[in-house]
Amino acid sequence: MQRRIFNPTAIPALWLILFFVAPLLGVVWVSFLSRGTYGELEFPLTFENYKRVAGFGLLGFDPLYPTILGRSVLTAATTAALCVLCSLPVAFFIAGFSRRGKLVGLTLLIIPFWTNLLVRTYAWQILLGPQGWLTKLATALHLVNPDEALYPSNVAVMICLVCDYLPFAALPIYASVERTNRELVEAARDLGAGAWQTFRHGIYPQIRPGMLAGAALVFLPATGQFVIPDLLGGAKTVLLGNLLQQQFGASRDWPFGAAIATVTIAIVLLGLWIQRRFMRRFV
């Protein structure tokens with residue numbers, strides 16, 4: 001029997017090690033170094049960078065960085081929840097079309113991705129600015145004062161996040177809706193179930209995997225988003241992505257920035273672990 005000398009799986013494994021695992025380990029290593037006088041990396045190895053992320057500095061406890069961390073996780077989780085809720089009617093609406101109509105609906109859903117994120121964000125500045133029709137509508141509904149605008153604000157950041165990441169949630173939910181067993185829905189109706197009971201017992205268990213996948217696909221990139229908060233939130237909305245940009249840019253504090261990046265990666269991995277646990281439990 002001839003032995004196989006070359007293993008085909010070695011190339012993908014080597015690729016992952018060189019371009020994913022090694023850079024990640026490098027970031028973790030830098031996070032334990034110290035910052036020099038002019039921003040250079042130097043010894044000794046220290047845990048001070050992680051203490052700063054936790055809020056413990058030279059002057060005692062400061063909740064600034066834990067607050068930014070909590071705000072980032074809360075913003076990402078809220079964005080994921082809103083995207084899933086908004087994607088449900090979109091997915092069912094497209095699934096009800098004919099084959100050609102579904103193609104048109106999916107195309108319209110992903111058209112925003114044909115435009116650069118930066119361009120879309122600048123467009124939202126115009127729409128949410130003082131002269132934008134959304135601001136005028138909010139003023140007419142007494143949601144904002146006449147001398148105020150929706151931009152810059154946390155509301156503007158959330159609107160843009162939901163609109164930009166909506167397809168990430170809608171596509172997997174649509175795939176789950178397409179695979180639903182219609183006979184279960186008809187059986188529930190024949191047994192006298194109402195609209196809510198039919199959805200809860202006949203449809204929701206079938207589309208739950210798509211909802212979990214969509215929530216994970218939105219939560220992960222939203223955690224490290226920095227363009228949208230920076231352009232639409234101003235100084236009012238600082239998230240992990242903005243903090244990372246500042247440390248690796250103007251502040252030139254790479255060890256502290258690496259510690260923030262490591263914590264961010266840990267949060268992302270925790271989100272993936274939670275999503276996997278839910279998938280195993282409910283699927």
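Begin with the whole protein chain in cartoon view, where twelve helices and four strands can be picked out; keep in mind throughout that this is a predicted model. Turned along its principal axes, the C-alpha trace of the chain spans about 80 × 75 × 35 Å, and if you colour by accessibility, 36% of the 283 residues count as buried.

Next, select the largest nonpolar core, a set of 45 residues in which Ile-173, Leu-232 and Ile-260 have the most contacts. Showing the helices one after another will reveal where this core comes from, since at least two of its residues are supplied by each of helix 3, helix 6 (133–140), helix 7 (154–178), helix 9 (195–223), helix 10 (227–233), helix 11 and helix 12. Helix 7 deserves its own colour here, for it gives eleven residues, the largest share of the core.

Keep Ile-260 displayed and move on to the cavity, of which the model holds one with a volume of 30 Å³ or more. The space inside this cavity comes to about 50 Å³. To see its walls, select Val-53, Tyr-65, Ile-68, Leu-69, Leu-240, Leu-243, Phe-256, Ile-260 and Val-263, which together line it. Helix 3 (64–95), helix 11 (240–248) and helix 12 (254–282) are the elements that each give two or more residues to this lining. What classes of residue make up the lining of the largest cavity? Colouring by class shows nine nonpolar residues, with no polar and no charged ones among them.

From the lining, stay with Phe-256 and add Arg-52 to the selection: the charged end of Arg-52 sits over the ring of Phe-256, at 3.8 Å from the ring centre.

The last stop is the aromatic side chains, so display the rings of Phe, Tyr and Trp, which pair if their centres lie within 6.5 Å. On that basis the model contains twelve aromatic pairs. One of them joins Phe-56 and Phe-61, whose ring centres are 5.2 Å apart and whose planes meet at 55 degrees, so the pair counts as tilted. Are these two residues buried or exposed? Phe-56 has a relative accessibility of 48% and therefore counts as partly exposed, whereas Phe-61, with a relative accessible area of 51%, is exposed; the cut-off between the two classes lies at 50%. Finish by selecting Phe-32, Phe-47 and Tyr-50, which form one aromatic cluster.

How values were computed:
Residues are numbered from 1 along each chain as its sequence is written. This is a predicted model: local features need pLDDT of at least 70, side-chain atom pairs count only at pLDDT 80 or more; totals for chains, interfaces and linings use all residues. Side-chain values use heavy atoms; hydrogens and water are left out. Rings of Phe, Tyr and Trp (its six-membered ring) pair if their centres lie within 6.5 Å; planes under 30 degrees apart count as stacked, over 60 as edge-to-face and the rest as tilted. Buried means under 20% relative accessible area, exposed over 50%, partly exposed in between (1.4 Å probe, protein chains only). A charge sits over a ring if NZ of Lys or CZ of Arg is within 6 Å of the ring centre and within 35 degrees of the ring normal. On a 1 Å grid over the protein atoms alone, a cavity is a set of points where a 1.4 Å probe fits but cannot get out, and a pocket is an open set with protein on both sides within 12 Å along at least five of seven lines; lining residues have an atom within 4 Å of a point. Grid points are joined across faces, edges and corners, and a volume is the space filled by probe spheres set on the points. Ala, Val, Leu, Ile, Met, Phe, Trp, Tyr, Cys and Pro count as nonpolar, Asp, Glu, Lys and Arg as charged, and the others, Gly among them, as polar. A nonpolar core is a set of buried Ala, Val, Leu, Ile, Met, Phe, Trp, Tyr and Cys residues joined through side-chain atoms within 4.5 Å.
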